[in-house]
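Please prepare a briefing on the ligand site and the internal spaces of the protein shown below, with the cut-offs stated where each term is used.

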Amino acid sequence: MSNYENFKIECNLNVTNQGRDNSLLAARDRFFIESFSHKYSYNFEFLGRPIIQYPQDMVAIQELIWNVNPDLIIETGIAHGGSLIMSASMLALRDLCEAAAAGTMLDPRKSTRLVLGVDIDIRKHNREAIEAHPMSSRIQMIQGSSIDPEVIHQVQAVAKRYKRILVCLDSNHTHDHVLAELEAYAPLASAGSYCVVFDTIVEEMPKTMFPDRQWGPGNNPKTAVKKYLQTHPEFQIDNDINNKLLLSVAPDGYLKRVS
Ligand SMILES: C[S@@+](CC[C@H](N)C(=O)[O-])C[C@H]1O[C@@H](n2cnc3c(N)ncnc32)[C@H](O)[C@@H]1O
């Protein structure tokens, strides 16, 4: 067995153990409640664009992009564009690695890898900044509700051209909206890939944390995931990612397509 394989066995054991450590889990819960009230997820940027994520989820997405090697990433919820830029930059690195392995020069105009973002309200300043970004050649945006049949149709039409597809859902966080997104977009995730549902953490938070939101405990992405999985055995929650991250806005939200 290689050093790397031995190292991974040790890491996997640690991950399983930390996922059972009630004291650590209590510290995690406390950190979440305290950090949420400071809007901690708004603190970060990726290659110069604000990204509304916890850093652990950003690392997990980076690992998924490396392991799945998608040629298309579909994202609902663009906001300032940080997650689109992060995904596009990972696809660019994938292109770079493949060019290096083939001993050729990277020509971004020849890349077919794409990030497709959907948002109901792409603000002018955000669109301009995303379009001016060095990663923009790998990004396409659709403005409209992610559950509008016309928007779904447009996304499906793009997806037809791709083989390995990763899906990330991070728009409106109500149960009904996320369930409709899951029905529309999860089937586009290719076998072995993922549909990542963000903000399932809402289910674990006190009701008082969302006074001005349509969602809250009992009505959020996690309740939608639970409902969706009842009739979709082709997806399974990746518990290793849960236990590995601990600090994640998407507990039980990393759905692996197993068939
Ligand atoms: C949490 S932010 C997305 C953050 C982004 N993924 C990131 O990591 O930086 C949520 C976004 O969802 C968008 N949104 C809200 N309702 C939507 C809908 N029905 N369809 C598509 N996007 C929607 C909002 O306009 C907002 O930009």
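The ligand occupies the largest pocket, where a molecule counts as sitting in a pocket if more than half of its atoms lie within 2 Å of the pocket's grid points. This is a predicted model, in which local features need pLDDT of at least 70 and side-chain atom pairs count only at pLDDT 80 or more, while totals for chains, interfaces and linings use all residues. Residues are numbered from 1 along each chain as its sequence is written, and side-chain values use heavy atoms, with hydrogens and water left out.

**Ligand surroundings**
- The ligand is surrounded by 16 residues (those with a heavy atom within 4 Å of it), and the closest are I52, G77, D119, S146 and D170.
- By class, this shell has five nonpolar, nine polar and two charged residues, where Ala, Val, Leu, Ile, Met, Phe, Trp, Tyr, Cys and Pro count as nonpolar, Asp, Glu, Lys and Arg as charged, and the others, Gly among them, as polar.
- Oxygen atoms of the ligand lie 2.9 Å from a polar backbone atom of I52 and 3.1 Å from a backbone N or O atom of A79.
- A nitrogen atom of the ligand is 3.2 Å from a backbone N or O atom of I120.
- Taken alone, the ligand exposes 600 Å², of which the protein buries 83% (Shrake-Rupley method, 1.4 Å probe).

**Pockets**
- A pocket is an open set of points on a 1 Å grid over the protein atoms alone, with protein on both sides within 12 Å along at least five of seven lines, and its lining residues have an atom within 4 Å of a point.
- The largest pocket holds about 1100 Å³ of space, and among its 42 lining residues Y42, I52, H173, R213 and W215 lie nearest its centre.
- The second largest pocket holds about 530 Å³ and is lined by 19 residues, with K8, E63, N67, I241 and K244 nearest its centre.
- α3 (55–68) supplies the largest share of the lining of the second largest pocket, six residues, where helices are DSSP runs (H or I) of at least four residues, numbered from the N terminus.

**Cavity**
- There is one cavity of 30 Å³ or more, a cavity being a set of grid points where a 1.4 Å probe fits but cannot get out.
- The largest cavity has a volume of about 90 Å³, and its lining includes I51, E75, M86 and F198.
- α4 (82–102) gives the most to this lining, with three residues.

How values were computed. Grid points are joined across faces, edges and corners, and a volume is the space filled by probe spheres set on the points. Helices (H or I, at least four residues) and strands (E, at least two) are DSSP runs, numbered from the N terminus. A polar contact is a pair of N or O atoms within 3.5 Å; within protein, one must be able to donate a hydrogen and the other to accept it, and residues adjacent in sequence count only if both atoms are side-chain atoms.
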